[in-house]
Amino acid sequence: MNLAKLISLVLLSACSFTYTIAQSVHPDREKNWKELYRESPEKKFILRHTKLDVAFDFAKRELMGEEWVTLKPFFYPQNKLVLDAKAMLIHEVKLGEKSLKFKSSANHLEVELDKTYTKQDSLTLYIRYTARPEMVEQKGSAAIMSAKGLYFIDPDGTDPEKPTQIWTQGETESSSCWFPTIDAPNQKTTQELYITVPDKYVTLSNGTLENQKKNTDGTRTDYWKFMMPHAPYLFFMGVGEFSVVKDTWKNIPVDYYVEKEYEPHAQKIFGNTPEMIEYFSTITGVTYPWPKYAQIVCRDYVSGAMENTTAVIHAENAHQDDKQLADENIWEDVIAHELFHHWFGDYVTCESWSNLTVNESFANYSEYLWREYKYGKDHADAHLYDDVKGYMSEGNYGKDLVRFYYKDKEDMFDGVSYNKGGAILHLLRSYIGDDAFFAGLNKYLVDNQFGTGEAHQLRLAFEEVTGRDLNWFFNQWYFGSGHPKLYVSHAYTADKKEVSVKITQTQSPKVFRFPLKIDVYTTIGKTTHSVDVENKEHVFVFSATEKPQWVNIDADRTLLAEINEDKSIDELIFQLLNGPKYLDRKRAVNDLLKHQKEKSVQNALVQALKDPYFGIRLNILEEADFNNNSFRKAALPELEKIAASDKNLPTRAEAIRILSLTGSKSYLPIYKEAIQVNSYSMMGAGLKGLYETDKKAAIDFAKNYKGKPGENELSFTLVEIYVEEKLPEGLSFVAKLAFNHYFMEESSPEQKMLKKGYDWVIATDDTESCKVLTDQITNLSIQYAQYGLIPLGKMALSNIKKEKDNLLNKNPNSLSLKEQVDYIEKSIRKLNL
């Protein structure tokens, strides 16, 4: 798990690849937010076109801008224009050659127009301004920080480990931190952007690069043009030293902007993008509508990724090397997610943040759709299982999917808008069928193209396609909260040859309505029964010539529900070994692991190591108790097969790790071979086995390892060897990772080892490792300040300083310890700023 995910899991109750940042305080914030209806922003004017000419003062972290913004009154006559313009210096506002009176406040620019304009009129204002992102003060719901909109990364070039970059982040309403606009999701505008930068830098923005002009002062002006309307929050500008790896889809440029180090890996990271574009174009019936598709990876990004139209930004976690990619491209779901937004979010945008579901639920579900198409249904269902688990673990039960009452708009970016919304789309697809579902998506997109949408419009599109009244579905799932909590039991009556299934909804007070499939398995075969659940309690009776081997409730595995069933061990074993769907077998594994001391359960788990989907095999390898000698012995033949040839490298590596528990030197050839495989999981498992059976060889490998520390199995194994053997060669390696122990599951093996390594580093008189650890804490605290990490960083540095002070008291003449203490003090002062 990457550090960004670890931090977000620990410090946020939000789903993956969302962020919580500070935003402006509503004037009615003092009211009870539960009584404050969040309506769509009123349209007094509508944006038509935005032309910008910008340059940067890197030292001041400011943008000097000129803007020509074209607007028209929406309906009612207007003699005043209010634009969002946060923390800006406004130098002048003109209409043609005429200067206009204006007032500038912390968040707005109010312009007095020269006359009253009607909806037949169009006007273009010229605004000369300075954007000062470091002075933006917008308080948010979960953190006290600035959603600056415009971010300067190492602008002074003083950090040797960080390149100088500039990038923007508009969602939710922060584009108005770098240009005046009507910063609302229900506005759409075309754009032109002239960016002047030092000639060594590459730029990226929305649309196409029309031309580049070298200036006499060593700068260059790039002209980006985008004549298709999109929301202001989707404007993007990126600046830095990037390698541009070029790809195409049907003559449309598909480009990947990465740091030079990752240029050889860009194709493996992003290379599925053209196929994704083709697939999403096919299933939506709307050919990718934009002139290009570019993706850029930037440092210190405040979120996971952002769907800026034609110019997607990704956090640096997207950067992966060949060893990580051999195990898994951890960013592929995000790549699909941001691309699908180019239909749901960019092409048709949510009318208001209350209706965020029509953006984010679809993007979330695209991850399922892509996995299903590319890797099969088991892989997609495994992802859906994790998403639903995330939604249910975050205290989201009482939140509507469409929410008109919320404390802050950032609160909408949660496990309901993302995870639950995706699961509801999956449920709807099952209910109306694939053909109707994708036809409904097409109708919604075509009817609202380059405009905005709400859940009601989505409902109407599906109703027109299916001919069904879907108010009940949308009222229950979109405009309501929660999910069914079911208690299920069944009994067989031999003399009547009947099986009765009792379903009780235990949640209160709401009762859900849903269709349900129930499969009854006997030695003769399977019979399927379709039923409708509408009441608090139902008893369904079916014919069965013999006692069922398994009664499978929600046989399609599409219902968003918590289901508690009374099942015998024999039924669970049958389910594990015969369940046709991933969730059948996954849930059986979960339940059987509670009974793994039973011999029959152990035998079933060993059999399930042959499961066709690696996720089930890996789940058993990771969760079953292979410290049990008899169980491990019974599993050895399958473990050896998996360790030798499983196509999924992390699964193969986990089997090797279990073999290392035997301490048998007979597996030395497997360990030595694993170390040679270009995979972090395989190298880590091989080194672990080597450490257990040939300690000297493992220590020699660790001493001579020249790779970078990372969040992978190899690094954790190296940390174990460095710490346990107290190898000074590994101090800085350990220091780079040691702070992560704060964000890991308490008492997990990795957390314990990193904590031990952390204590070793701070108790050792070693300047290099002290500086590495101090820098790691300082940089992470600043990078994730929006998650409240600054206080934790200061506390950690203060504790390290105390330890170093104690060492210095014992060795008062140590120049190295004095240097370490001084370095820590400087870092604490940096965080205090």
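Here is a quick tour of this chain, from its overall build down to a few residues worth finding in the viewer. Keep in mind that this is a predicted model.

**The whole chain**

Let's start with the big picture. The chain holds 26 helices and 29 strands. Its radius of gyration is 29 Å, and the globule rule gives 28 Å for 833 residues, so the chain is as compact as a globular protein of that length. If you draw a box along the principal axes, the C-alpha atoms fill roughly 90 × 85 × 55 Å.

What about the inside and the outside? Of the 833 residues, 58% count as buried. The chain exposes about 34000 Å², and carbon and sulfur atoms supply 48% of that area. As for charge, there are 101 positive and 119 negative charges, and their mean positions are 1 Å apart.

Contacts also say something about how the chain folds back on itself. Taking the contacts with a separation of 6 or more, 68% are between residues 24 or more positions apart.

**Around strand β4**

Now zoom in on strand β4, which covers residues 88–95. It pairs with strand β8 (residues 123–131) in the antiparallel sense, over seven bridges. Within that pairing, E92 stands opposite R128 of β8.

β4 has another antiparallel partner in strand β5 (residues 98–99), this time over two bridges. Here L95 has K98 in β5 as its bridge partner. β4 and β5 form a hairpin with two residues between the strands, and G96 takes a positive phi near 65° there.

Just ahead of this region is A87, in the loop between β3 (78–84) and β4. Is A87 buried or exposed? With a relative accessible area of 9%, A87 is buried, because the cut-off for buried is under 20%.

**Unusual backbone spots**

A few places in the backbone deserve a look. The table collects two cis peptide bonds and two residues other than glycine with a positive phi.

| Spot | Backbone value | Loop |
|---|---|---|
| E171 to T172, cis peptide bond | omega about 10° | T172: between β10 (165–168) and β11 (189–198) |
| S508 to P509, cis peptide bond | omega near 0° | P509: between β24 (498–505) and β25 (514–521) |
| A87, positive phi | phi near 60° | between β3 (78–84) and β4 |
| N251, positive phi | phi about 70° | between β16 (243–249) and β17 (252–258) |

While A87 is buried at 9% relative accessible area, N251 counts as exposed at 78% relative accessibility. The cut-off for exposed is over 50%, so N251 falls into that class.

**N79 and its neighbours**

One more stop: N79, which sits in strand β3. Which residues does N79 touch, leaving out those up to four places away in sequence? They are V111, E112, L113, K115 and T116. Take E112 from that group: it lies 33 residues from N79 along the chain, yet the C-alpha atoms of N79 and E112 are separated by 6.6 Å.

Even with those contacts, N79 is partly exposed, with a relative accessible area of 46%. That class covers the range between the buried limit of 20% and the exposed limit of 50%, so 46% belongs there.

Conventions
Residues numbered from 1 in each chain as written. Predicted model: local features only at pLDDT ≥ 70, side-chain atom pairs only at ≥ 80, totals over all residues. Heavy atoms only, no water. Helix = DSSP H or I, 4+ residues; strand = E, 2+ residues; numbered from the N terminus. Rg over C-alpha atoms; globule rule 2.2 N^0.38 Å. Buried < 20%, exposed > 50% of the residue type's maximum accessible area, 1.4 Å probe, protein only. Contact = heavy atoms within 4.5 Å. Areas by Shrake-Rupley, 256 points an atom, 1.4 Å probe, with all protein chains shown as cover. Lys, Arg positive; Asp, Glu negative; His and termini not counted. Charge placed at Lys NZ, Arg CZ, Asp CG, Glu CD. Pairing = 2+ DSSP bridges.
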